[in-house]
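Biologist: Could you take me through this model, please? I should like to begin with the DNA and turn to the protein chains afterwards.
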Number of protein chains: 2
Amino acid sequence: MENRKNQEAKHPIQVAARRSGLSPDVIRVWERRYQAISPTRSGTNRRLYNDEDIERLLLLSQVTAAGRRIGDVAGLDMEQLREMVWEDRSAEVRLPAPVRVDAGSLPARHLSYCIKAVSELDGETLESSLNHARAALAPIVLMEQVMMPLMHLIGERWYTGSMRAAEEHMTTPIVRATLWSLKNSHRAEDNAPELLVATPAGQRHELGALMAAVVAASDGWRVTYLGSDLPATEIAAAAVTRNVSAIALSVTYPSDDPAIGGELNILTGTVPAVVLVGGVASAAYRDGIRRAGAIEVPTTAVLRAELRKLRASSGRPGNGALHG
Amino acid sequence: MENRKNQEAKHPIQVAARRSGLSPDVIRVWERRYQAISPTRSGTNRRLYNDEDIERLLLLSQVTAAGRRIGDVAGLDMEQLREMVWEDRSAEVRLPAPVRVDAGSLPARHLSYCIKAVSELDGETLESSLNHARAALAPIVLMEQVMMPLMHLIGERWYTGSMRAAEEHMTTPIVRATLWSLKNSHRAEDNAPELLVATPAGQRHELGALMAAVVAASDGWRVTYLGSDLPATEIAAAAVTRNVSAIALSVTYPSDDPAIGGELNILTGTVPAVVLVGGVASAAYRDGIRRAGAIEVPTTAVLRAELRKLRASSGRPGNGALHG
DNA sequence: ATAATATTGACAAATTATATACAAGCTTGT
DNA sequence: ACAAGCTTGTATATAATTTGTCAATATTAT
């Protein structure tokens, strides 16, 4: 689907405009003044763009949105433009911080109650155990030292055969509901920065994404939560609609197929927002993440740090990239 | 859906207009000017469209709505049109269409607030709208006249291209959380009958299952909720562990593969519990349900009736007066 | 008979192309 | 710092083209 660019397909200027985010006027004037593209013409003199023309327009709209002048970049070839987009993105990329794990006794006690309830398929008790833990522990501790070990342990026992899938299926909605109410216990202020949280296509486990949502909400962000298994084009569209300054993705399946990289490229290529990627499998995609100009966020602590950095430097860099 | 195209069925132009969203005038002029379709004629010269003609008209209306000119695309074949629709939908970054709703009854008014919030991807407002509706309406009314129409409408608009998948993905977790808290607002008594609620393997939409859980919980059942996409063997194992007297399943995808029937047979064959099957696609599995000895539950009202019958026949005596 | 459909012709609205103008934001030179 | 000039997106005007809608008339359906 990706290398299948159909060079024959000719698109009218309206389609080129919608896909690139530029207005037809700008497309025409870029052609006239700088020969930025050279569409063919129909029998009645209408401009016809092929897929490469449109990709070029998209690249040009990105580099100009990054502050460059159209007159300076109109003559560059595709490869130079692509490289320039990457450079502009990776200017924001920073290296992640180390990780730390702790095994305390109080969280461990709560965890053991939860495990007991799970092994008896007792949803009611699991729910009240989690609520007790929630009252006794800080949200981060609850998530990192109760919920995450709980899910991990269930998965492990399922793998070794001492637990069934049913246990995991009973636990997930309950943990999910607890996370949701945790997230909702924070009310975003009117001028709060906007964050999109989702799980890319093919990734169906959403607890990691919900934890990211909780972290962000507790840090004052307004979070739009899009759940799991959403194609990059949809995430991009939502990001434009909400005009978010950052997107957080959670990945849990490591995959031999580097499609996640392709999805990431779509995102970083079409949306003027910082893309953060976390989840237990994020390390497996490290190269793709870096290449796409996204930021790897291995832990909730790093996520929080990156969010704070973003908020501090929030000059709203890509504010006018796409006009309405 | 796919092999069910009846090539014999001939529809008058009014039907073609309704289904494609085009006016009869436009359909005729597209035929006259561009030979976009070639309907057969009746003995008295009326145009007669078959299902493929109508699908073609629908595709053409979609690609023109995406900015293409009818003169450019009228000659393409079905496959090219389908691909074009797909490409346009995924390449476009903006939200397609406006919304309009009419306010009538009380539930309809709540629904219209929800729809507005959804179309603006405003999760916060959607959530508070649902909470208002929850406070103002009975749970059954909330589910059947607000939540279900809302999800249905979103699906419909996604199908016609005026909404994106992102809207649905934002809405589902919020509706789900509301249902969950609805379910948790009922506390089961110690001697309450036990019910298992899940979605069989391959069925990933869990909202219907959650509604069943709410109905049962509000009727005094202790509900163990197992979420979505769970193989029958797992459901059976959980049913034995919890010693439930009934299992409620929700199916939303109709499938040519009668595997659901096989799954049902596993359940009814291994577990001494009544199996109830509901959900928007339950009618499609009617034969398999009946053959497996399960009960089809087309509506929440029927579900409630069946649950009460079960409780009256096998439940504890002296527990009859819970509520009316 | 009233309503719907078919045919033809015409027309208005929308889109497009081209050229020109203009305003806001920069460089640059002093 | 300030003015002049350049850059760049947007707006206007005009002509050509495309496209949706309407009107008039004849035929058919209910």
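Biologist: Which atom of DNA strand C is 3.4 Å from the side chain of Arg32(B)?
Modeller: A base nitrogen of DNA strand C is 3.4 Å from an N or O atom in the side chain of Arg32(B). A polar contact is a pair of N or O atoms within 3.5 Å; within protein, one must be able to donate a hydrogen and the other to accept it, and residues adjacent in sequence count only if both atoms are side-chain atoms. This is a predicted model: local features need pLDDT of at least 70, side-chain atom pairs count only at pLDDT 80 or more, and totals for chains, interfaces and linings use all residues. Side-chain values use heavy atoms, with hydrogens and water left out, residues are numbered from 1 along each chain as its sequence is written, and chains are lettered from A and ligands numbered from 1 in the order in which they are written.

Biologist: What about Arg47(A) and the phosphate of strand C?
Modeller: There a backbone N or O atom of Arg47(A) lies 2.5 Å from a phosphate oxygen. For Arg41(A), a side-chain N or O atom is 3.1 Å from a phosphate oxygen of the strand.

Biologist: How many residues surround strand C?
Modeller: There are 20 of them, and Arg28(A) and Arg32(A) are among the closest. A residue counts as near if one of its heavy atoms lies within 4 Å of the strand. By class, this surface has two nonpolar, four polar and 14 charged residues. Here Ala, Val, Leu, Ile, Met, Phe, Trp, Tyr, Cys and Pro count as nonpolar, Asp, Glu, Lys and Arg as charged, and the others, Gly among them, as polar.

Biologist: And strand D: what classes are found there?
Modeller: The surface near DNA strand D has ten nonpolar, seven polar and seven charged residues. A side-chain N or O atom of Arg33(B) is 2.5 Å from a base oxygen of strand D, while one of Trp30(B) is 2.7 Å from a phosphate oxygen.

Biologist: Changing topic, how many salt bridges are there between chain A and chain B?
Modeller: The count is eight, a salt bridge being a side-chain nitrogen of Lys or Arg within 4 Å of a carboxyl oxygen of Asp or Glu. One of them joins Glu234(B) to Arg164(A), with the closest N and O atoms 2.8 Å apart.

Biologist: How many residues does each chain give to the contact?
Modeller: Chain A gives 51 residues and chain B gives 49, where contact means heavy atoms within 4.5 Å.
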